[in-house]
Amino acid sequence: MKRVLLALVFCLTVLSSTASEYSDFAAKQYGERCNKENVKITVKKEHVEQYAQEVGSNFIPYIAYGYGDLKAQKCRKQRISYICLLDCDLNPIWSYIVESK
């Protein structure tokens, strides 16, 4: 019985998706750009990878990307993909959201 209960707790914690710092940053930036309030992203999958490239005169060591559902006030839920450029301390500095069809 203990194993079944532990397996159930493990599945629930692994399968639940929460917003990350990167999706929160992307939602905030999207809300400011599009003049929308209460923008939330439900993350389905997210990855952080080493990028180590120069964009213009800025060095971008990491990039975060993922997809999920975006919900804004008085708008329908839609599937999106997002990209965040990160600095050396893994703090987001730029983001963009692409609407998926």
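How many of the 101 residues of the chain count as buried? In this predicted model, the share comes to 28%. As for the outside, the chain has an accessible surface of about 7500 Å², and carbon and sulfur atoms account for 54% of that surface.

Next comes the fold itself. The chain contains two helices and four strands. Read from the N terminus, the order is α-α-β-β-β-β, so to speak: a pair of helices, then the strands. Contacts also link distant parts of the sequence: taking those between residues at least 6 apart, 45% join residues at least 24 apart.

Two residues give a closer look at the inside. Ser-23 sits in helix H2, which covers residues 21-34. With a relative accessible area of 0%, Ser-23 counts as buried, because the cut-off for that label is under 20%. And what does Ser-23 touch, leaving out residues up to four places away in sequence? The answer is Ile-41, Val-43, Glu-46 and Tyr-82.

Leu-70 belongs to strand S2, made up of residues 58-71. Its relative accessible area is 1%, so Leu-70 is buried too. Again setting aside residues up to four places away in sequence, Leu-70 touches Tyr-30, Val-39, Lys-40, Ile-41, Arg-76, Lys-77, Gln-78, Ile-80 and Ile-97. Ile-41 turns up in the contacts of both Ser-23 and Leu-70. Leu-70 and Glu-99 lie 29 residues apart in sequence, and their C-alpha atoms are 9.0 Å apart in space.

Key: Residues numbered from 1 in each chain as written. Predicted model: local features only at pLDDT ≥ 70, side-chain atom pairs only at ≥ 80, totals over all residues. Heavy atoms only, no water. Buried < 20%, exposed > 50% of the residue type's maximum accessible area, 1.4 Å probe, protein only. Contact = heavy atoms within 4.5 Å. Areas by Shrake-Rupley, 256 points an atom, 1.4 Å probe, with all protein chains shown as cover.
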